[in-house]
Amino acid sequence: MIYSFSIFDRHCNCIYNRRYIHDGPLLTQSKPSSVNLKNSIGDPLGVSITSLPPDNGSGDNFSPLGITTKSKESGSSSAINGPIPGYINKYNDSNASKLLFGIMYSLKNITAKLGDLASLFNTLKSFSTENFRVHFMESATGLKFVLATDNEVDNLQHILKELYTNYYLNHVVYNALSPVEFGTDANEHGKISNSDFINATDSFLTSLSVFK
Amino acid sequence: MSGDLLGDKKLVNAACLDLFLQELVPTSIRVSQNLNDSATSSQSSTSKEESVEPTLIDLQLSTIKGDLPGGVEVFESSLIFSDDVTVRIETYGFNLGMRLAELLMFHGAQSNTYNKFVDVLEILKFVCRDVWWSLYGKEMDNLRTNHRGTFVLVDSNYKLISRINSAKGFSDTLTKSKIYLWFPCGVIRGIVLSFGIDCDVSAEITKFPAVTFNIKTTINN
């Protein structure tokens, strides 16, 4: 099951953040006023499966990796034909997102130093915890592609590569109206928000057998 | 005939050409902005010495707000709709067309594909097949004429704009890709004029990314 997909640029900013909601009704808009501190700080891997159901029913029972188990919300639940439920570019600058980046960054550096052969370059591909696995790929230009899944998923390196070479290239690099440099400011950086990229990666990821 | 008149020799990498053409509109806007800047401050610019700075990641490329390398803020300048910018883009295409016609005819004559054209329709067929093939690796999808000097060429997936997608929505995508269309209009006008025929070319986006080129010549055949 794929929970979320993020891209970080070489300035350590999260330029794309997509969370998928499984088995929940479609959440098109969530109210920023109801952001619950417990969740926004969260545990770094974002596991909040048993988090308390929202009192007021306004539904921010997400977790930083985008794992949403159940929602009390009824209403617009046309998740089949409508857009894929989840959040787009909503939690790019959340603490959880920064923590996730920190983990990847440290692990990447440790991994590179492991092994005694200088010629054998050791790269980080994924790491897993009891319930989750985070898949990681970094391009030579410093773009980091991250997919968070459950533990059943084995290796997604080819998917990450596909996201980079096919989707990022076609809808960001070849797109004259999309920036390729998203700014160095950690608070006011740009994001990938063109609809072609979002729709194409959504339909690519949801079509995978490991998505559900 | 399908295939490249220039033969199998790949003279320009297609990806490089695509990326280069993307820079057409931003560069043109920056040129206009710089010309405007120097016009308003003509007295001070003579005393100020031109300094050349290396391009860094936070160096403003022009005085347009937020115009940094790799960004797209330059498209927000109101200059994008000015005649200055569109005429410049059209002229780039026009000059390219004039030269490309010569190059293709030279190679076409060598391989005995073309020696001369008898009427305008053949010139437009040449545009549809060979010019489009050498620029975009494909032919035009449709060519229609009213036999009174007006031609309609349709490219159902015009490469220059096919991957453009604005984060601000579809209407923004349309507005900005229209500016890019001045370039192929100029190319067609340049090609046709290099055979001695004056024409007006306009382009419209019928169903994105399909583009219809309307060519009005004065020849009545």
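The following paragraphs describe a predicted model, beginning with confidence in chain A and moving to the contacts between chains and between domains.

Chain A has a mean pLDDT of 75, with 70% of its residues at 70 or more. Two stretches of this chain call for caution. Across residues 25-62 of chain A the pLDDT remains under 50, although the model places 72 contacts there beyond four places in sequence. Residues 69-81 of chain A likewise have a pLDDT below 50, with 18 contacts beyond near neighbours in sequence. Where pLDDT is low, predicted coordinates should not be read in detail.

The interface between the two chains comes next. In chain A, 15 residues are in contact with 19 residues of chain B. Together the chains bury about 1500 Å², and carbon and sulfur atoms give 59% of that area. On the side of chain A, the residues that lose the most area to chain B are Tyr174(A), Ala176(A) and Leu177(A), which together account for 48% of what that side buries. No salt bridges are found between chain A and chain B, whereas the count of residue pairs in polar contact, both at pLDDT 80 or more, is 8. Helix H3 (157-173) and helix H4 (195-207) of chain A are the elements that give two or more residues to the side touching chain B. By residue class, that side of chain A comprises 6 nonpolar, 6 polar and 3 charged residues.

Within chain B there is a further interface, between its two domains. Domain 1 spans residues 11-80 of chain B and domain 2 spans residues 89-221; their C-alpha centres lie 27 Å apart. Contact involves 12 residues of domain 1 of chain B and 11 residues of domain 2 of chain B. The area buried between these domains is about 1100 Å², with carbon and sulfur atoms giving 69%. Leu21(B), Leu24(B) and Val25(B) lose the most area on the domain 1 side, together 40% of what that side buries.

The polar component of this domain interface includes 4 salt bridges. A salt bridge joins the side chains of Glu76(B) and Lys168(B), at 2.9 Å from N to O. The domain interface also has 4 residue pairs in polar contact, both residues at pLDDT 80 or more. Helix H1 (14-22) and helix H2 (24-40) of chain B each supply at least two residues to the side of domain 1 that touches domain 2. H1(B) gives the most to that side, with 5 residues. The residues on this side of domain 1 of chain B divide into 8 nonpolar, 2 polar and 2 charged.

Notes:
Residues numbered from 1 in each chain as written. Chains lettered and ligands numbered in written order. Heavy atoms only, no water. Domains from an automatic or database assignment. Contact = heavy atoms within 4.5 Å. Buried area = accessible area lost by both parts, 1.4 Å probe. Polar contact = N/O pair within 3.5 Å; in protein donor to acceptor, adjacent residues only side chain to side chain. Helix = DSSP H or I, 4+ residues; strand = E, 2+ residues; numbered from the N terminus. Nonpolar A, V, L, I, M, F, W, Y, C, P; charged D, E, K, R; others polar. pLDDT = per-residue confidence, 0-100.
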